[in-house]
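Student: Could you walk me through the inside of this protein, with a close look at its main nonpolar core? I'd also like to know how far to trust the model there and elsewhere.

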Amino acid sequence: MALVQALLAMVFRSAGKLLNTAFGWATVLLFGRVPEDRQIYLSGVAFGSVLWLIALVGVAFPGIGAFLVSFVSPPDWVKPWIRIAMLVAVVIIPALVGWLSTRMVDPEDRPKTLRAIARGYPYTIGLALTLLIMTVFAPLMKTRDLLRRWTTEHIPVIIPPEHYAVVVDEIHRALAAGGLATTPRQAPWMLRAPTRILTWFAGRSLGGSTDVPLQRLVADTIEVLLHPSDLVLSGREKDAAHARAVLAERLTVTHAYLTWTKEANEVEDEIRRAWADLEAHRATAAAERLTAIERKLHELTVPYEEWEALFRQRVRSLFRRAA
């Protein structure tokens with residue numbers, strides 16, 4: 001009997017690790033990567049939704065709830081209160097999820113607190129169902145890449161919803177200019193279906209990010225999937241590295257932000273204005289903006305990869321001015 005219990009414990013631990021990995025894949029596949037300072041909120045929202053689903057199952061089906069509780073072996077005096085605690089969790093968790101979801105958008109775009117809490121209830125239902133589905137789909141999609149021996153790289157971007165289609169076209173043209181002909185297609189149905197579920201339940205609770213129909217650019221050797229806060233580049237290591245180099249070289253001034261922090265985004269806006277000045281042949285105004293941008297880069301405190309992206313954009317602007 002002890003041997004059977006040990007084997008079951010090992011199986012459940014392995015299953016738990018696999019489920020945790022699949023859950024991580026599901027979150028990244030669904031949302032992409034989010035800015036580092038908001039990652040903790042996304043994790044809280046995702047795990048909160050899953051905890052809510054577990055609590056709901058425990059309340060609706062006491063037998064399953066008792067089975068789940070048996071894994072943590074609570075003291076005897078706690079057991080009579082467990083179902084009450086689950087019932088309280090079913091009521092409270094969506095409100096907390098609603099509040100946490102507002103932390104993932106800029107302060108000026110956040111809804112009022114009561115409205116956010118109210119939105120948390122349909123949002124939690126939709127997200128719990130979506131992540132449950134994606135936890136099944138994610139390993140299948142990851143297995144497909146492993147069989148093709150493809151690697152995955154993430155390029156930080158922030159794409160305003162109103163510019164999403166424009167950015168897809170800009171990336172398409174940048175890759176073509178670098179010798180990589182791609183075909184625009186919809187994202188795989190394994191991503192589209194869960195996203196539609198989330199959209200139906202939650203509407204604009206994520207600041208509009210779920211309103212965007214995800215697109216990808218497909219070639220024989222690479223695929224580019226565009227999330228509102230992430231560009232996912234897949235292919236064999238050599239091909240993915242080539243595609244990334246092409247985008248780094250040619251995708252410098254675009255409707256997407258290539259940085260995540262607000263301070264860096266403001267510098268990118270100034271670089272766009274400098275390009276607009278150059279296109280309008282306002283050389284003096286462009287020179288003044290580029291000088292101000294150089295001073296800002298000396299003072300800016302951002303992660304190195306963001307500083308490098310800004311520096312690359314400024315250098316490209318200087319070449320454009322010299323031309």
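Tutor: Let's start with trust: pLDDT is the predictor's confidence in each residue, on a scale from 0 to 100. You're looking at a predicted model, and its mean pLDDT is 78, with 76% of the residues at 70 or more. Among the elements, strand S3 (residues 215–218) has the highest mean, 93, while helix H1 (residues 2–31) has the lowest, 49. Residues 14–19 have pLDDT below 50, and beyond near neighbours in sequence that stretch makes 1 contact in the model. Residues 204–210 also fall below 50, but there the model shows 16 contacts beyond near neighbours.

Now for the overall build. The protein has 11 helices and 5 strands, and 41% of its 323 residues count as buried. Looking at contacts with a separation of 6 or more, 74% are between residues 24 or more positions apart. On the outside, about 18000 Å² is exposed, and carbon and sulfur atoms supply 64% of that.

On to the part you asked about. The largest nonpolar core holds 32 residues, and the ones touching the most other members are Ile159, Ile171, Leu175, Val224, Leu226, Leu231 and Leu247. Several elements feed into this core with at least two residues each: helices H5 (113–147), H6 (164–177), H7 (189–202) and H8 (237–250), plus strands S4 (222–227) and S5 (230–235). H6 gives the most, with 6 residues.

If you want one residue to click on, try Leu226. Leaving aside residues up to four places away in sequence, Leu226 touches Ile159, Tyr164, Val168, Ile171, Leu214, Gln215 and Leu231. Of those partners, Ile159, Ile171 and Leu231 are also on the list of core residues that touch the most other members.

There's a second core too, separate from that one: 16 residues, including Ile82, Ile93, Tyr123 and Leu131.

Last stop, empty space. Searching the whole structure turns up 1 cavity of 30 Å³ or more, and the largest cavity contains about 30 Å³ of space. Its lining is made up of Thr252, Val253, Thr254, Ala256, Glu268, Ile271, Arg272 and Gln313. Helix H9 (residues 262–279) supplies the largest share of that lining, with 3 residues.

Conventions
Residues numbered from 1 in each chain as written. Predicted model: local features only at pLDDT ≥ 70, side-chain atom pairs only at ≥ 80, totals over all residues. Heavy atoms only, no water. Core = buried A, V, L, I, M, F, W, Y, C linked by side-chain atoms within 4.5 Å. Buried < 20%, exposed > 50% of the residue type's maximum accessible area, 1.4 Å probe, protein only. Helix = DSSP H or I, 4+ residues; strand = E, 2+ residues; numbered from the N terminus. Contact = heavy atoms within 4.5 Å. Areas by Shrake-Rupley, 256 points an atom, 1.4 Å probe, with all protein chains shown as cover. 1 Å grid on protein atoms, 1.4 Å probe; cavity = no way out; pocket = protein on both sides within 12 Å on 5 of 7 lines; lining within 4 Å. Points joined across faces, edges and corners; volume = space filled by probe spheres on them.
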